[in-house]
2 protein chains.
Amino acid sequence: MSTSGRITLEHGSGGALSRQLTEQLIYPILKSEAYGELADATSFEIPGRVYITTDTYVVDPPFFPGGDIGTLGVFGTCNDLAVCGARPRYLTMGLVLEEGFPTSDLKRVLESVRRAADRSRVRVISGDTKVVPSGKGGGIFMNTTGVGEALGPHLLSVKNIKSGDKVLISGPIGSHGLAILAAREGLKIAASLRSDCAPLFPLCEALYSLGKDLRFMRDATRGGAAAVLNEAVANNSECGLEILETAIPVPGTVAAASDLLGLNPMEIANEGVLIAVVAPTAADKAISLLRSLDTGREARQIGAVAGRYPGKVILETAVGGRRILDLPRGLLLPRIC
Amino acid sequence: MSTSGRITLEHGSGGALSRQLTEQLIYPILKSEAYGELADATSFEIPGRVYITTDTYVVDPPFFPGGDIGTLGVFGTCNDLAVCGARPRYLTMGLVLEEGFPTSDLKRVLESVRRAADRSRVRVISGDTKVVPSGKGGGIFMNTTGVGEALGPHLLSVKNIKSGDKVLISGPIGSHGLAILAAREGLKIAASLRSDCAPLFPLCEALYSLGKDLRFMRDATRGGAAAVLNEAVANNSECGLEILETAIPVPGTVAAASDLLGLNPMEIANEGVLIAVVAPTAADKAISLLRSLDTGREARQIGAVAGRYPGKVILETAVGGRRILDLPRGLLLPRIC
């Protein structure tokens, strides 16, 4: 099949051209023995607890420094499984292509899916492709649904969080959202930034070895670190978080670009950063586990769980002040994932 | 949350308004004990073989006679599991909303999802909502990924098909695609048609009781009956299908509207029709099993597997002629599911 052409409505018709797209473009890149023989559904076996998660990626532009919608579609969904204490195993992929989308771009995205899936040791086992008329889509949208197997019986939950626990972050924040924004708007101030898009499973597996000392972890995507920190204590009537602003790793470029754009780095989406809450006695070990891995080499403690402001996240500023870090309000950056 | 308003980009930001949408609109309709506590992933246990399938629904318009995108999103995906010999158990739901989409329409769609899920005995256990800027979407797109448990060890496959087998259809064809077309284009000629959108699991479970005498079944959606019949023998070097045109149940309104519009009813999408291939000795029993159920009351045999035209579907016409029924070519009806 020519990859110099463009997607037409007929590619989504369920007829001859649909079959051609599947057999000549998608299968050569993604098909494995696990991929159903043009079947409606495919099957697998996982003994014990199975985790499932779904995410649709609508990132604009679909290609950006550090990744593309295919990288994001694999790592993003696998990360959602990993932070729950699950080993990602399988993905399904649902594409919505806009009429006129370049076939060569689709091929490039699928090749990214393949590479990211190989790196994450997951297999794409089922897919679906729809085509919408020009002007009724955004180029390419990708849903991935991920299936994983539980790493063990310990269930991670915000309900495990206790006063005295420590709050850790795995690495520097803000580069994903700003890289997307710079690519979309042609902003020179953040042009050197690359998305941090990366698999978090190795970090999660390492932390999971702490057993019950690991209370909760979450990747800081939409809504950034601010959203995750708030989620951790949103329904907690006994504890809040005290976060030291100076401890949060913000790269110089991110700080400068955020300042100029009036954005708060804590609210910017990341795709390769997790926040974890661990027992106080386990904090040092957790940090050294994270630092032993490449994506966690700048891991550090950023705060603690305390009883003073139940349900709230308090940011202790550089000059010793305190303010509430709320859930992001207003619109920061649309279509960053 | 007001349901008189419209979806804004901020509803997809991951911040306060995202949470409000989830907690005040989605959860009251869909949340069950199984729905993760705002978690990234949720879990279940299914011993043995697990089936999974994914489909994105982009139907235009989202509301049509006989159903809406919510009904379709549940029944369509559950049907894909059912025809593989699986009992649908869980669904994930990924929404892509276009800025400006009416909140009341979203509520109506979610209520349809709930009703269809209750009727199908499946639970929506995980979800994701993205918002794209006005002009970059199609109102509402819905991905559902379905998980089911194997009804038994017998694997259905086109590879089971043998010469002499009989081909059955569960009911009349063509009403779904034409109902969508009529609703979209305001065509009076098909205005009385309703989508046949319905759960096929009861039919599939009944046929599965035939054991190995049931070779293969498939719901005739995109590409219609023509696509399924071709799929059944596409890679078969020994057998083809001989289908009796007069045996195919085409309602009068469908026949008349198709004639006027220049469409072939065999190529029009259905959402409540399956085609099954069974052993010759099991055909009568299969038909009576199907007819004992409401959606199968017009089930009948439409042809047989034979050795004369390997890999082809031959249509025996009313006047005794024979022609090849090919995969649909060209664009029939975009966005019918």
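**Two copies, one rotation axis**

Turn chain A by 180° with 0.0 Å of shift along the axis and it lands on chain B, with an RMSD of 0.0 Å (superposed by least squares on the C-alpha atoms of residues with pLDDT of at least 70 in both). The two copies are thus related as by a two-fold rotation axis. Keep in mind that this is a predicted model, where local features need pLDDT of at least 70, side-chain atom pairs count only at pLDDT 80 or more, and totals for chains, interfaces and linings use all residues. Residues are numbered from 1 along each chain as its sequence is written, chains are lettered from A and ligands numbered from 1 in the order in which they are written, and side-chain values use heavy atoms, leaving out hydrogens and water.

**How the copies meet**
- In chain A, A:Gly137 comes closest to the rotation axis, with its C-alpha at 2.1 Å.
- The copies meet through the same surface, because 100% of the interface residues of chain A are also interface residues in chain B.

**A look at A:Thr92**
- A:Thr92 sits in strand β5 of chain A, residues 86-98 (strands are DSSP runs of E, at least two residues, numbered from the N terminus).
- A:Thr92 is buried, at 1% relative accessible area (buried means under 20%, with a 1.4 Å probe and protein chains only).
- Setting aside neighbours within four places in sequence, A:Thr92 has contacts that include A:Ser126, A:Asn143, B:Ile52 and B:Thr145 (contact means heavy atoms within 4.5 Å).

**Cysteines**
- There are zero disulfides over all chains (a disulfide is a pair of cysteine sulfur atoms within 2.5 Å).
- B:Cys78 is in no disulfide, and the nearest cysteine sulfur, that of B:Cys197, is 11 Å away.
- B:Cys78 is buried at 4% relative accessibility, and B:Cys239 is buried at 5%.

Note on methods:
Buried means under 20% relative accessible area, exposed over 50%, partly exposed in between (1.4 Å probe, protein chains only). Helices (H or I, at least four residues) and strands (E, at least two) are DSSP runs, numbered from the N terminus.
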